[in-house]
Amino acid sequence: VLCMYLLPPAQLVLPVMLLAFVATLLVMLKPGLDGRLKVPFDRFALAVGTTVVALALVLGAGQIRISEYKSISYVRKYPELQLRHHSFSPAGEYHVFQSKFFHFAPGLSDNASLHQDTMPTQAFWALYIDGSGPIGIMGQLESAHASYVDYLPMAAPYEIMEAPRALMVNLGGGINAQVARYKGAASVTVIEQDPGDQESREHEEE
């Protein structure tokens with residue numbers, strides 16, 4: 001699990017190979033003439049040679065092939081695409097891309113086109129988790145473009161209440177938190193479910 005913070009998914013097999021190499025040496029131990037446990041040279045050389053060949057194959061041709069039907073395979077064909085962030089952990093592999101082709105405005109009112117002189121052209125980045133997405137991530141909008149947020153459905157509660165404390169459950173990205181900040185929420189609290197806890201409950205139900 002610790003290695004999942006340090007190595008990309010394609011290289012997680014390397015620690016397993018190292019453990020297998022150590023286990024192989026332990027199995028090859030045999031008492032020598034002096035009674036001490038030793039690994040015969042020919043067996044040691046065979047184990048080292050096999051391990052080196054396996055490492056070369058993994059590092060040279062062991063990349064994970066992502067299905068062409070996965071969402072991330074489509075986005076990589078976008079022109080002017082820029083990878084802004086890449087990280088990995090037990091929670092998954094994260095990619096954040098920037099492209100002028102990303103637009104997220106779910107439920108945008110038609111009034112926006114009547115009252116807005118300009119619309120944001122690069123307001124969003126796209127988050128992909130384990131190749132699935134995109135999840136829109138809204139950055140800091142320019143003042144000339146920021147008012148378009150007023151025409152999104154999630155802005156309605158902030159018209160009713162002044163400076164509310166916002167609680168968002170299972171947000172998973174999206175633009176709601178940024179809308180809350182723009183609309184003057186007194187505080188924004190986001191609660192995300194632990195994927196491990198969810199898997200445990202699913203097993204218990206089964």
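These are numbered notes on a predicted model of one protein chain.

1. Confidence. The mean pLDDT of the protein chain is 82. Of its residues, 81% reach 70 or more. Residues 200-206 fall below 50. Beyond near neighbours in sequence, that stretch has one contact in the model. Where pLDDT is low, the predicted coordinates should not be read in detail.

2. Overall make-up. The protein chain has nine helices and eight strands. It runs to 206 residues, and 24% of them count as buried. Take the contacts between residues at least 6 apart in sequence: 48% of these join residues at least 24 apart.

3. Helix α2, length. This helix covers residues 13-28, which makes 16 residues. At 1.5 Å a residue, α2 should span 22 Å. Its end C-alpha atoms are 23 Å apart, so the expected span and the model agree.

4. Helix α2, buried side. Which residues of α2 are buried? They are L14, M17, F21, L25 and M28. Seen down the helix axis, the buried residues of α2 fall within an arc of 80°, so they line one face. An α-helix has 3.6 residues a turn, so residues three or four places apart point the same way. The buried residues of α2 pack against three elements: β1 (30-31), β2 (37-38) and α3 (41-61).

5. Helix α2, outer side. The face turned away from the buried side carries V16, L19, L26 and V27. These residues are exposed. A reader looking at α2 should therefore not take a nonpolar residue name as a sign of burial, since exposed means over 50% relative accessible area and V16, L19, L26 and V27 are exposed.

6. Largest nonpolar core. This core has 14 residues. Those touching the most other members are L152, Y158, I175 and V179. Strand β7 (165-169) and helix α8 (176-182) are the elements that give two or more residues to the core. In soluble globular proteins, nonpolar side chains tend to be buried together.

7. Y158 and a second core. Leaving out residues up to four places away in sequence, Y158 touches P164, A166, M168, V179, A180, K183 and A185. Another core lies apart from the one that holds Y158. The separate core has six residues, including I72, V75, F97 and A126.

8. Salt bridges. The structure holds two. One joins the side chains of D150 and K183, at 2.7 Å from N to O. D150 sits in the loop between α6 (143-146) and α7 (156-160), and K183 in the loop between α8 and β8 (187-191), so this pair ties together parts 33 residues apart in sequence. The other pairs E159 with K183, their closest N and O atoms being 2.5 Å apart. Here helix α7, which holds E159, is linked to the loop that holds K183, and the two residues are 24 apart. Side chains of opposite charge can pair when their charged atoms come close.

9. The charged network. D150, E159 and K183 are linked in a network of salt bridges. Is K183 buried or exposed? Its relative accessibility is 18%, so K183 counts as buried. D150, at 33%, counts as partly exposed. E159, at 55%, counts as exposed. K183 also appears among the contacts of Y158.

Terms used: Residues numbered from 1 in each chain as written. Heavy atoms only, no water. Core = buried A, V, L, I, M, F, W, Y, C linked by side-chain atoms within 4.5 Å. Buried < 20%, exposed > 50% of the residue type's maximum accessible area, 1.4 Å probe, protein only. Helix = DSSP H or I, 4+ residues; strand = E, 2+ residues; numbered from the N terminus. Contact = heavy atoms within 4.5 Å. Expected span 1.5 Å × (residues − 1). Arc of directions from axis to C-beta. Salt bridge = Lys/Arg side-chain N within 4 Å of Asp/Glu carboxyl O. pLDDT = per-residue confidence, 0-100.
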